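Here are some short exercises to work through with the model open beside you. Try each task before reading its solution.

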Amino acid sequence: PCEPWPRRIALADPTADGVIEALYQGRHGKLLWRDGADGCFTPLRGMANARHLEDLEVSMLGSIEADAVASKMQRGVDGLAARFLYAWPHRVAYCPLAHRTHPASDDVLLSLRRLLQLSLRTRCLLSLDPSATAAFDAFLARLHRELRHTEGLEAAWLGKGRGKVACLAGLFALMSWSATNEAEPPGVIGQEAVERAVSLWSDYYR
């Protein structure tokens, strides 16, 4: 049988008080769902500025129609827009009905439960091993050169790349661990995780 969900980690409350109350119920961060450009780029009710969310342990996940983003950019919200990672799902190849199978969701759920239990148990500290440090340093050098030739929203978005890639590398390391039988979480991030993070951020999100 499935284990009971230990606590609420996803939020849809559009008020600042609702988000803060949810954070008081547990010390771990929350995921806030917002829909549309107005939902993502405007503050919560009771909050003067949407960027005040940065003071809270809250991540934001939202869906935005591409046409609506352009109009928002003209209203001077590029500082906030630079804080998002943008994903555009690719269309999957057509598969005949007779060949379709159910996804192996049990394996994914097991990995997600391991990550959830880890987050509830302790804070996981990760460091870069020497090969990962070299790969990350090479990325930082390329980014430094590129920032000299960009401006506006692109420059603001690229400026967040250092921290974003570091977070993604840590996420990849933990995801790889969650699919193993190892009891203890990893203490270091390897070169492969860094290279995957750089590729995802540079070749897809950008």
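The exercises below go from the whole chain to a single residue.

This is a predicted model, in which local features need pLDDT of at least 70, side-chain atom pairs count only at pLDDT 80 or more, and totals for chains, interfaces and linings use all residues. Residues are numbered from 1 along each chain as its sequence is written, and side-chain values use heavy atoms, with hydrogens and water left out.

**Exercise 1.** Work out how many helices and strands the chain has, and their order.

*Solution.* Start with the terms: helices (H or I, at least four residues) and strands (E, at least two) are DSSP runs, numbered from the N terminus. Counting them gives nine helices and five strands. Next, read from the N terminus: β-α-β-α-β-α-α-α-β-α-α-α-β-α.

**Exercise 2.** Find what share of the chain is buried.

*Solution.* Buried means under 20% relative accessible area, with a 1.4 Å probe and protein chains only. Of the 206 residues, 28% meet that cut-off.

**Exercise 3.** Describe the surroundings of T150: where is it, and is it buried or exposed (over 50% relative accessible area)?

*Solution.* First, locate T150 in the loop between α6 (130-147) and α7 (152-159). Second, check its relative accessible area: T150 is buried because this value is 18%. Third, look for contacts, meaning heavy atoms within 4.5 Å. Leaving aside residues up to four places away in sequence, T150 touches A155 and L158. Finally, turn to the polar side-chain atoms of T150: one of them lies 3.4 Å from the backbone oxygen of L147.

Key. Polar contact = N/O pair within 3.5 Å; in protein donor to acceptor, adjacent residues only side chain to side chain.
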